[in-house]
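Thanks, everyone. I'll keep this short and walk through one structure. Have a look at it first.

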Amino acid sequence: MSYAIVGFGAIGQALARAFARKNIKVAVASRRPPEALAPQAQAIGPTVVAKSLRDALEADTIILAVPFGEHREVAKALPSWKGKTVIDAMNALVPLEELDGLLSSAFVAKAFTGAKLVKGFNHLIAAKLAADPIVEGGHRVIFLSGDDEDATAPVAALAKQLGFAPVKLGKLNEGGALVHARGRVWGQLIFQDLFKKEQ
Ligand SMILES: NC(=O)c1ccc[n+]([C@@H]2O[C@H](COP(=O)([O-])OP(=O)(O)OC[C@H]3O[C@@H](n4cnc5c(N)ncnc54)[C@H](OP(=O)(O)O)[C@@H]3O)[C@@H](O)[C@H]2O)c1
């Protein structure tokens, strides 16, 4: 598996720290050129490699850590998303009418035609996500949801590899609804910083 994080702000860097902690290679990209991101990437760790957006999108698993409204711009960067897994770490702080009545990840999935979409890593504030997920002998919980179990299972394995305890909530519009932000309405599991003693 190869990984990229698109968006290198608070959440992108928090996730990069998680990869660096476990020595897992990850590309990071934003609208800025790689040279602009490289010093911060290197400061996080040697496995965090700044790339152009185009090069980063060669990864098979891509984490979206851009402001919600920017996801369409990212989607346009590839002619086809077939074969890719997209992890949606975004929260939609946009008026409900802009989502066509859908949960935000279902709306995002429409832009990434052909990709398998998993929602995850969106329910914690950046500082919590950046911190060591092993706390008092427990593992910080990451909620995952998606309509494609073939994609959710490897993302759960990644979360585990990063030291988190993945909890699968099922399909986006079932358990997944608990981790969706729409407008200023937060799903009941957002900001719930939970730990699991056994993985
Ligand atoms: N902050 C939190 O605590 C938190 C918690 C949970 C979820 N989230 C969600 O995570 C996402 C990111 O939030 P954040 O706080 O990390 O935001 P942020 O600090 O503003 O970072 C956003 C990043 O996205 C990049 N970006 C913007 N437009 C882009 C585009 N079209 N293509 C590529 N890169 C682009 C920006 O870099 P350039 O300007 O260089 O392009 C920047 O690195 C949001 O959807 C937010 O709802 C945030």
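Let's start with glycine 183. Glycine 183 sits in the loop between strand 10 (181-182) and strand 11 (185-186). One reminder before going further: this is a predicted model. Is glycine 183 buried or exposed? Buried, because its relative accessibility is 13%, and the cut-off for buried is under 20%. What does glycine 183 contact, leaving aside neighbours within four places in sequence? Ala92, Leu93, Val94 and Leu96. Now compare leucine 162. Leucine 162 is 21 residues from glycine 183 in sequence. In space, their C-alpha atoms are 30 Å apart.

Next, the cores. The largest nonpolar core has 38 residues. Which of them touch the most other members? Ile5, Phe19, Phe121 and Leu129. Several elements each supply at least two residues of this core. On the strand side, they are strand 1 (3-6), strand 2 (26-29), strand 3 (48-50) and strand 8 (138-146). On the helix side, they are helix 1 (10-21), helix 2 (34-44), helix 6 (126-130) and helix 7 (149-161). Helix 1 gives the most, with 7 residues. There is also a second, separate core of 25 residues. Ala56, Leu78, Val94 and Leu172 are among its members. Val94 came up a moment ago, as a contact of glycine 183.

Let me take two residues of the largest core in turn. Isoleucine 5 belongs to strand 1. Isoleucine 5 counts as buried because its relative accessible area is 0%. Its contacts, with neighbours within four places in sequence left aside, come in several stretches. Gly12, Leu15, Ala16 and Phe19 are among them. So are Val26, Ala27, Val28 and Ala29. Ile63 and Ala65 complete the list. Valine 179 is 174 residues from isoleucine 5 along the chain. Those two C-alpha atoms are separated by 20 Å.

Then leucine 129. Not counting residues up to four places away in sequence, leucine 129 touches Ile11, Ala14, Leu15, Phe121, Leu124, Ile142 and Phe164. Leu15 is a contact of isoleucine 5 as well.

Two of those contacts, Phe121 and Phe164, bring us to the aromatics. How many aromatic pairs are there? The count comes to 5. I'll show two. Tyrosine 3 and phenylalanine 19 make a tilted pair, 5.5 Å centre to centre, with 55° between the planes. This pair links distant parts of the chain: tyrosine 3 is in strand 1, phenylalanine 19 is in helix 1, and they are 16 residues apart. Tyrosine 3 and phenylalanine 19 are both buried.

Phenylalanine 121 and phenylalanine 164 make an edge-to-face pair. Here the centres are 6.0 Å apart and the planes are at 80°. This pair also links distant parts of the chain, 43 residues apart. Phenylalanine 121 is in the loop between strand 6 (116-120) and helix 6. Phenylalanine 164 is in the loop between helix 7 and strand 9 (165-168). Both rings belong to buried residues.

Now the ligand. There are 23 residues around it. Which come nearest? Ile11, Ser30, Arg31, Arg32 and Val66. Some polar contacts are worth a look. A backbone N or O atom of alanine 10 lies 3.0 Å from a ligand oxygen. A polar side-chain atom of serine 30 lies 2.7 Å from a ligand oxygen. An N or O atom in the side chain of glutamate 70 is 2.8 Å from a ligand nitrogen. On its own, the ligand has 890 Å² of accessible area, and the protein covers 78% of that.

Stay with serine 30. Serine 30 lies in the loop between strand 2 and helix 2. Serine 30 counts as buried because its relative accessible area is 16%. A polar atom of the serine 30 side chain is 3.0 Å from the backbone nitrogen of arginine 32. Serine 30 also touches Phe8, Leu37 and Leu53, not counting residues up to four places away in sequence.

Last, the backbone. Most residues other than glycine have a negative phi. Aspartate 100 has a positive phi of about 55°. Aspartate 100 is in the loop between strand 5 (85-88) and helix 5 (104-111). Glutamate 136 has a positive phi of about 50°. Glutamate 136 is in the loop between strand 7 (134-135) and strand 8. Is glutamate 136 buried or exposed? Exposed, because its relative accessible area is 73%.

Definitions and conventions:
Residues numbered from 1 in each chain as written. Predicted model: local features only at pLDDT ≥ 70, side-chain atom pairs only at ≥ 80, totals over all residues. Heavy atoms only, no water. Core = buried A, V, L, I, M, F, W, Y, C linked by side-chain atoms within 4.5 Å. Buried < 20%, exposed > 50% of the residue type's maximum accessible area, 1.4 Å probe, protein only. Helix = DSSP H or I, 4+ residues; strand = E, 2+ residues; numbered from the N terminus. Contact = heavy atoms within 4.5 Å. Near = heavy atom within 4 Å. Polar contact = N/O pair within 3.5 Å; in protein donor to acceptor, adjacent residues only side chain to side chain. Areas by Shrake-Rupley, 256 points an atom, 1.4 Å probe, with all protein chains shown as cover. Phe/Tyr/Trp six-rings, centres within 6.5 Å; stacked < 30°, edge-to-face > 60°.
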